[in-house]
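The following exercises are to be worked with the sequence and the model side by side. Each task is followed by a solution in steps.

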Amino acid sequence: MAGFESPVISVKNLSKQFGPGCSNCQGARSENLIKNYCQVCGTVYACRDVSFDVFPGEVLGIVGESGSGKSTLMQCLYFDQDTTNGEAYLAAYQNGEENLFKQSSQQKRYIRNHVMGKVYQNPILGLKMDFSSIGNIAEKLISAGHRKVSLMEERGTELLDKVNIPVHRRKEAPKNFSGGMQQRVQIAKALSNNPPLLLLDEVTTGLDLSVQASVLDLIKGLQRELNISIVLVSHDLGVIRMLADRTMVMLEGRVIEQGLTDQILEDPQHQYTQQLVHSLL
Amino acid sequence: MNTAYNFAFFDEGSKREIRRATLKAIAIPGYQVPFASREMPIGRGWGTGGLQLTLSLIGKTDVLKVIDQGSDESVNAVNIKKLVRDTTGVEITELTREATLIQSRHRIPEVPLNKDQILILQVPIPEPLRFYEPQESVTKKHHAEKEYSGAWLMLFEQIIKYGSMTTGADHPVMVHDRYVMAPSPIPRFDNPKMNHSEALILLGAGREKKVYAIPPYTKVVSLDFHDYPFEPETFQDKQCRLCGSTGVFFDELVDETTGGTVYQCNDTSYCIETLNSVEALGGVK
């Protein structure tokens, strides 16, 4: 292989706090915090100095207990929330030379629509429940600048077929679908403009086991076929084991351990990770 | 003229406030300017937005025409005319050409407007993205970021469901390549009349408290897709049963004696004018 690969997305020192901060918590460096909460000013430090790279075709898993900052991190990456501090560079945007978080809201929308896709844990956040399934996919294509109905219809049908939604139900609204089907429509929508980076936030949580398996199968298949990079958040170690090449463990807003997934699961170093791995049923 | 009221019903301060919002609307074509919609002697949703614009703009030398879906004589149009005449004493006309101010509900007159005229349209729902996104705070952001995929998505849904764009009225338009705007529920037939219009077009929504405008000679493009271009209603081979006009917007009626479908000009003053000129030519005395 010639030279080193360059990352698809590179995140540096991402921090997100809710609250003003004060002299007691000293920007999260203080020892006086209760977990990541400052008792004096009520500030919550949701993400603290999170840095990572994701390479082409790689799946990065993020695990951690609830409240550890996983979802906040994902929301920051998809601009659903503003970051307090930090930088992120996307290879597909301005050759990775511009800090994403410093862009105008129009540019952020452009990045979301053109080079990213996200699947939310709750399909209500990612889909328009009253619009047709194929319309939901078209929405992403329209916002990426497509203005040809036949092309969008073709692409939508192809994607819905790929995620195993029967062709005769493509004009139906997702509100009539089961949770698993809604999740699959969301995946089809996120994939519609061939994003180099896909963000998956707890995609299988709340689905029953057989549906979980088929959704995971689908993601794995699509990832291999299209060679997309994925950032995958889950608290289910089984999902992480199956999908992720590399894994980051988060606790109280910090990354406490990272490495190859097998390594993390077989030989956890940090006390919390050990506890997490051993509580696996 | 009823002198118990100030000229044009409103106090001068109210008129000035509405005119200030109107000026801002003209300065930013297609942008919805919020304004303090007044209580009116007619109910909200019955043309109060248009009426407030009319009352704030009207002067003693103006000539007013009011139409309601093409008709000069419907109850709504007649009552609005009565109110304005009683509080201002201005001249009222039915001839489009003679009017300087035209307040209209859901039609643009057939006779082309000129640069000395102002068209005021009444608007029930000024937000073109409302059925896509119910929250005003969110649609405001969409406008700010020129994020209009929702407007196209609604048209896409119609095509997917019915095979063509089915907006009977209020087909969204892009104004001056910047703001997507609801043209008020005028038929698609009237949309092209807004493009490079010589007359100033003002739109007022009293219930929703918004004013917006298309200044003269502004580019107004109806939204569409490459493979599904925008098409106004066509009335090919149709003729008005009264005046014989073609190529205008028709009402479709059922002839009760024969049971057949007949067509008639929707714009009543245009129809009468054409009838009169036909009679004059035919030498009927």
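**Exercise 1: The sheet of chain A**

In strand 6 of chain A, A:Leu200 is the bridge partner of A:Val119. The model used throughout these exercises is a predicted one.

Task. Determine how many bridges join strand 5 of chain A to strand 6 of chain A, and in which sense the two strands run. Then place both strands in their sheet.

Solution.

Step 1. Strand 5 of chain A is joined to strand 6 (residues 197-201) of chain A by four bridges, and the two run parallel. Strands of a sheet pair through backbone hydrogen bonds, in either a parallel or an antiparallel manner.

Step 2. Reading across chain A, six strands make an open sheet in the order 5-6-7-3-8-9, and the pairing is mixed.

Step 3. Strand 5 (116-119) and strand 9 (254-260) of chain A are the edge strands, each pairing on one side only.

Step 4. Neighbouring strands of this sheet are turned against each other by 15 degrees on average, direction ignored.

**Exercise 2: Strand 7 of chain A**

Task. State which strands pair with strand 7 of chain A in the parallel sense, and decide whether its residues are buried or exposed.

Solution.

Step 1. Strand 6 of chain A runs parallel to strand 7 of chain A and is joined to it by five bridges. In this pairing, A:Asp201 has A:Val233 as its bridge partner.

Step 2. To get from strand 6 to strand 7 of chain A, the chain passes through helix 7 (residues 209-226) of chain A, and this β-α-β crossover is right-handed.

Step 3. Strand 3 (residues 59-63) of chain A also pairs with strand 7 of chain A in the parallel sense, over four bridges. Here A:Gly61 stands opposite A:Leu232.

Step 4. In strand 7 (residues 229-233) of chain A, five of the five residues are buried. A residue counts as buried if 20 or more other C-beta atoms lie within 10 Å of its own C-beta atom.

Step 5. In a regular strand the side chains alternate between the two faces of the sheet. Accordingly, A:Ser229, A:Val231 and A:Val233 are buried on one side of strand 7 of chain A, and A:Ile230 and A:Leu232 are buried on the other.

**Exercise 3: Helix 4 of chain A and the contact between chains**

Task. Explain why helix 4 of chain A is described as largely enclosed, and find how many residues it gives to the side of chain A that touches chain B.

Solution.

Step 1. Eleven of the eleven residues of helix 4 of chain A are buried, so the helix is largely enclosed by the rest of the structure. Among them are A:Ile134, A:Ile137, A:Leu141 and A:Ile142, together with the charged residues A:Glu139 and A:Lys140.

Step 2. These buried residues pack against helix 2, helix 5 and helix 6 (179-191) of chain A, and also against helix 5 (149-162) of chain B.

Step 3. The contact between the chains takes 16 residues from chain A and 15 residues from chain B. On the side of chain A, helix 2 (105-115), helix 4 (133-143) and helix 5 (149-162) each supply at least two residues.

Step 4. Helix 4 of chain A gives the most to this side, namely six residues. By class, the side of chain A that touches chain B holds five nonpolar, six polar and five charged residues.

Step 5. Just after helix 4 of chain A, the backbone at A:Gly145 takes a positive phi of about 100 degrees.

**Exercise 4: Strand 2 of chain B**

Task. Identify the residues that stand opposite B:Leu64.

Solution.

Step 1. Strand 2 of chain B pairs in the parallel sense with strand 3 (residues 91-92) of chain B over two bridges. In strand 3 of chain B, B:Ile92 stands opposite B:Leu64.

Step 2. The connection from strand 2 to strand 3 of chain B runs through helix 3 (residues 75-88) of chain B, and this β-α-β crossover is right-handed.

Step 3. Strand 2 of chain B also pairs in the parallel sense with strand 4 (residues 101-105) of chain B, over five bridges. In strand 4 of chain B, B:Leu101 stands opposite B:Leu64.

Step 4. Strand 2 (residues 63-68) of chain B is mostly covered, with five of its six residues buried.

Key:
Residues numbered from 1 in each chain as written. Chains lettered and ligands numbered in written order. Predicted model: local features only at pLDDT ≥ 70, side-chain atom pairs only at ≥ 80, totals over all residues. Contact = placed C-beta atoms within 7 Å. Buried ≥ 20, exposed ≤ 12 C-beta atoms within 10 Å, placed from the backbone. Pairing = 2+ DSSP bridges. Right-handed = clockwise from strand over helix to strand, strands pointing away. Axes fitted to C-alpha atoms, helices over the stretch in contact; angles between N-to-C directions.
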